[in-house]
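Got the viewer open? Let's walk through the spaces inside this protein, one selection at a time.

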Amino acid sequence: MPMWVQAGLWGLVGGSALVLGAAAAWLISLPQRAIAAVMAVGSGVLISAVAFDLMDEAYRQGGFDSTSAGFLAGGAIYTAANIYLSRRGAKHRKRSGSNPAQSQAGDGGLAIAVGALLDGVPESIVIGVSLLQGKGVSLVTVAAVFLSNMPEGLSSAAGMKKAGRGALYVFGVWGGIALTSGLAAALGNVALAGANPEIIAATTAVAAGAILAMLADTMIPEAFETAHDYAGLITVAGFLAAFVLSKLGG
């Protein structure tokens with residue numbers, strides 16, 4: 001199977017959590033604490049992936065210059081886009097429960113869906129790039145992306161349902177975003193195959209910076225809001241699990 005196809009399929013696996021989250025919100029009512037725990041675990045896993053998979057690999061290929069520039073650029077780009085979307089109803093797009101913005105504006109759920117693209121594209125590109133190392137896909141990264149996408153699908157689907165959107169619309173939107181995640185992973189793999197190591201390093205670092213900014217802006221605050229005193233410990237457990245898996249896999 002061509003590598004870009006593998007990348008696309010793994011990106012689709014990560015994106016499929018959006019559809020599963022939307023289905024869960026549409027069909028059943030899940031405890032907010034359970035979803036907050038998933039977010040906390042996902043945060044820990046993503047922090048581990050950023051630290052030990054993405055930044056280590058970026059530094060190995062491009063050194064401090066490319067890695068630092070890309071990392072800061074990724075954080076800045078994400079922050080600017082996130083501020084824009086937050087003012088249009090996507091501030092709490094990873095919230096496990098009700099979204100205040102969604103009760104005020106019918107397009108809040110759609111703004112969250114657009115925010116999901118902002119969160120998901122860098123993550124998916126990383127999945128595609130990880131295959132270029134010749135060691136297979138980074139399962140830690142795929143697991144982290146999957147866990148971070150679940151609450152986003154839950155939150156937005158609930159908001160769209162309250163706004164009167166039908167199932168065809170809701171699952172059409174999330175199915176399209178999941179497919180876009182797979183496409184981003186495939187394109188990342190194709191576009192960077194054979195590229196200068198410094199370019200790959202900078203791209204990886206851009207994604208790492210965007211992911212870390214996303215964690216600080218959305219996932220960690222929302223997880224703490226519901227899980228409260230246990231959020232830190234759950235995040236540590238997720239980090240440790242990912243760290244162990246990354247070392248065993250290496």
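Before we start clicking, one term: a cavity here is a set of grid points where a 1.4 Å probe fits but cannot get out, and its lining residues have an atom within 4 Å of a point. Keep in mind that this is a predicted model.

**Stop one: the cavity**

Select Leu18, Ala116, Leu117, Gly120, Val121, Asn149, Ile177 and Ser181, which line the largest cavity. The space between them has a volume of about 30 Å³, and the structure holds one cavity of 30 Å³ or more.

Now colour helix H4 and helix H6 (167–192), the elements that each give two or more residues to this lining. H4 makes the largest contribution, with four residues. Colour by residue class next: five of the lining residues are nonpolar and three are polar, while none is charged.

**Stop two: the pocket**

Move on to the largest pocket, which encloses about 620 Å³ of space. To centre your view, select Asp53, Gln133, Lys135, Ser138 and Ser246, the closest to the pocket's centre among its 23 lining residues.

Which helices each supply at least two residues of this lining? Show helix H2 (32–90), helix H4 (108–130), helix H5 (139–162) and helix H8 (231–249) to see them. Linger on H2, as the largest share of the pocket lining, six residues, comes from there.

Finish by colouring the pocket lining by class: you should find eight nonpolar, nine polar and six charged residues. Then bring H4 back into view, since H4 supplies residues to the pocket lining and also to the lining of the cavity.

Technical notes. Residues are numbered from 1 along each chain as its sequence is written. This is a predicted model: local features need pLDDT of at least 70, side-chain atom pairs count only at pLDDT 80 or more; totals for chains, interfaces and linings use all residues. Side-chain values use heavy atoms; hydrogens and water are left out. On a 1 Å grid over the protein atoms alone, a cavity is a set of points where a 1.4 Å probe fits but cannot get out, and a pocket is an open set with protein on both sides within 12 Å along at least five of seven lines; lining residues have an atom within 4 Å of a point. Grid points are joined across faces, edges and corners, and a volume is the space filled by probe spheres set on the points. Ala, Val, Leu, Ile, Met, Phe, Trp, Tyr, Cys and Pro count as nonpolar, Asp, Glu, Lys and Arg as charged, and the others, Gly among them, as polar.
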